[in-house]
Amino acid sequence: MPAVQECCGAVGPREGEPERESERQTGVQVRSAGGHEEERFEGAVLVRKSEKCCVSLCQIVAHRAELPANAHGNGLPASPVLSAPRIGLVGAGRSKNGLGPFLAAACEAAGARVVGVSGRNPARAVEAAEQLVGRLQHAVAAYSSARLLAQHVDALVIASPAEAHAEGLVAALATGVPCLCEKPLVPVDRTADGLALCEAFRRRGILLAENCQWPQVLPALWQLHPGLQERPVQTVAMGLGPSQAGRAMIEDSISHVLSVVQALVPFGMDTAVAGVRQTDAGERAEQNVVTFRMVEGAREVAVELHLRRCPVQPRPAWLAVNGARIDRRIGPNYEQSFVAANESVPVSDPLHQLVYAFVAHLTPRNRERSPATVASPALHELIAVRLRCQEAIFRGLERGSREFGAGGG
Ligand SMILES: NC(=O)c1ccc[n+]([C@@H]2O[C@H](COP(=O)([O-])OP(=O)(O)OC[C@H]3O[C@@H](n4cnc5c(N)ncnc54)[C@H](OP(=O)(O)O)[C@@H]3O)[C@@H](O)[C@H]2O)c1
């Protein structure tokens with residue numbers, strides 16, 4: 001049974017530790033390490049008591065009133081035997097722009113149950129779990145690592161910062177559970193790792209999806225511009241308002257526009273990216289337009305990504321295909337609609353739509369932890385193509401900066 005070895009961060013299995021008598025009776029393990037003691041139930045950190053721990057915690061992360069007591073009569077919740085798919089959320093909070101709380105709500109709305117979280121360290125995981133308990137009104141366990149979390153759920157949703165995605169992806173792979181990962185799958189300088197992970201998911205037949213939700217709004221585009229769908233796609237433009245400036249602004253947004261292009265034109269692994277330009281290569285650029293062409297055989301699409309830094313909500317978002325544009329409007333309770341000319345079409349939250357589709361894939365067969373449970377090569381290929389195009393775009397931008405100097409391109 002894994003045990004936390006140190007107070008903050010380093011975790012791993014401790015071999016040969018004797019089981020206590022009380023553990024056999026209650027299913028709760030008590031471990032002492034690094035000057036603190038911690039109680040776990042089915043691997044989850046339920047209570048942490050510490051004198052030396054840099055973050056002093058003594059918390060029970062469970063909404064016990066709602067859960068039936070277990071057979072031991074010790075007041076602890078019964079092991080959840082749920083028919084709803086059990087979701088583990090890696091990076092469940094929102095320190096900057098993380099969508100953890102929204103992804104949790106979307107999972108629950110789709111009929112799944114967020115039963116556990118992990119975070120940058122055990123203490124932060126406990127805090128995030130507590131916040132979710134308040135929102136979801138049921139027990140949420142805090143696990144000390146993504147790996148441990150993955151062992152107790154049917155699927156992982158990774159909402160941590162991009163630099164931490166690989167850890168969650170490796171945990172999902174190691175455990176054999178389907179995974180929905182925030183975009184970008186990995187930061188651009190880790191493209192090779194991302195491609196290898198993607199390939200490992202494909203080889204093992206484990207579902208992997210990336211949270212690129214904008215293709216879900218394309219039906220609104222077709223509705224607001226009748227006839228557009230019948231014509232070949234020549235140009236795709238998208239406008240977004242990320243919170244950061246400069247290169248980070250592009251890194252944050254590029255997978256979105258790529259995913260929209262992919263939903264319109266079936267670009268494959270031989271896709272080349274050409275003619276990459278930007279209007280402002282400055283490190284602190286508040287506005288930028290990145291343009292490039294995607295080419296594969298006879299297919300060619302000219303792409304524009306218009307970015308304007310926007311630190312607060314509501315952020316602008318628009319989409320145009322062959323020059324026909326729709327703009328997002330956000331109403332009370334974050335209700336979304338898209339407008340063109342004087343017409344408006346309501347759109348159910350694209351994030352919810354995407355999560356719904358992911359949860360729908362978590363059929364009992366797909367939840368089995370055995371090789372080759374889910375065959376979804378198309379999804380894996382979409383992600384791999386995005387990773388390669390993303391890398392090519394950044395290479396093109398760097399070349400442009402070297403050739404023309406900052407501010408040019
Ligand atoms: N699809 C979209 O439209 C959309 C929109 C916004 C963001 N995103 C994506 O969401 C992801 C997170 O955004 P962000 O970077 O702004 O996140 P963030 O808000 O800084 O953090 C999100 C959560 O991850 C936790 N976390 C931080 N480091 C971690 C680690 N090493 N391991 C596990 N959890 C960790 C944070 O905990 P602490 O509080 O301890 O830091 C927090 O709970 C990014 O990939 C971003 O691109 C997507």
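**Close-up views of a predicted model**

**View 1. Helices H2 and H9 are oblique to each other.** In this predicted model, the axes of helix H2, which spans residues 100–109, and helix H9, which spans residues 350–360, come within 9 Å and cross at roughly 55°; because angles from 35 up to 65 degrees are neither roughly parallel nor roughly perpendicular, the pair is classed as oblique. The crossing of H2 and H9 is right-handed. On the H2 side the contact is made by Phe102, Leu103, Ala105, Ala106, Cys107 and Ala109, and on the H9 side by Leu351, His352 and Val355. Sorted by class, the residues that form this contact between H2 and H9 comprise eight nonpolar residues and one polar residue, with no charged residues.

**View 2. Buried residues of helix H2, and the position just after the helix.** Within H2, the buried residues are Gly100, Pro101, Leu103, Ala104, Ala106 and Cys107. Among the residues that H2 contributes to the contact with H9 are Leu103, Ala106 and Cys107, and these three are also listed as buried. Just after H2, the backbone of Gly111 takes a positive phi of about 95°.

**View 3. Ser259 is a buried residue of helix H8.** Ser259 has its place in helix H8, which covers residues 246–264, and its relative accessible area is 4%, so it falls under the 20% cut-off and counts as buried. A polar atom of the Ser259 side chain lies 2.7 Å from the backbone oxygen of His256. When neighbours within four places in sequence are left aside, Ser259 is in contact with Cys212, Pro215 and Arg386.

**View 4. Ser144 lies in the loop between strand E8 and helix H4.** The loop that holds Ser144 joins strand E8, residues 141–142, to helix H4, residues 146–150. With a relative accessibility of 7%, which is under 20%, Ser144 therefore counts as buried. Ser144 and Arg120 are 24 residues apart along the chain, and their C-alpha atoms are separated by 8.8 Å.

**View 5. The whole protein, as a setting for the close-up views, has 11 helices and 19 strands.** Of the 409 residues in the protein, 53% are buried; Ser259, with a relative accessible area of 4%, is one of the buried residues, and Ser144, at 7%, is another. Among contacts between residues at least 6 apart in sequence, 67% join residues that are at least 24 apart.

How values were computed: Residues are numbered from 1 along each chain as its sequence is written. This is a predicted model: local features need pLDDT of at least 70, side-chain atom pairs count only at pLDDT 80 or more; totals for chains, interfaces and linings use all residues. Side-chain values use heavy atoms; hydrogens and water are left out. Helices (H or I, at least four residues) and strands (E, at least two) are DSSP runs, numbered from the N terminus. Buried means under 20% relative accessible area, exposed over 50%, partly exposed in between (1.4 Å probe, protein chains only). A polar contact is a pair of N or O atoms within 3.5 Å; within protein, one must be able to donate a hydrogen and the other to accept it, and residues adjacent in sequence count only if both atoms are side-chain atoms. Contact means heavy atoms within 4.5 Å. Axes are lines fitted to C-alpha atoms, for helices over the stretch in contact, and angles run from 0 to 180 degrees between N-to-C directions. Angles under 35 degrees count as roughly parallel, over 145 as roughly antiparallel, 65 to 115 as roughly perpendicular and the rest as oblique. A crossing is left-handed if the near helix is turned anticlockwise from the far one by less than a right angle, and right-handed if clockwise. Ala, Val, Leu, Ile, Met, Phe, Trp, Tyr, Cys and Pro count as nonpolar, Asp, Glu, Lys and Arg as charged, and the others, Gly among them, as polar.
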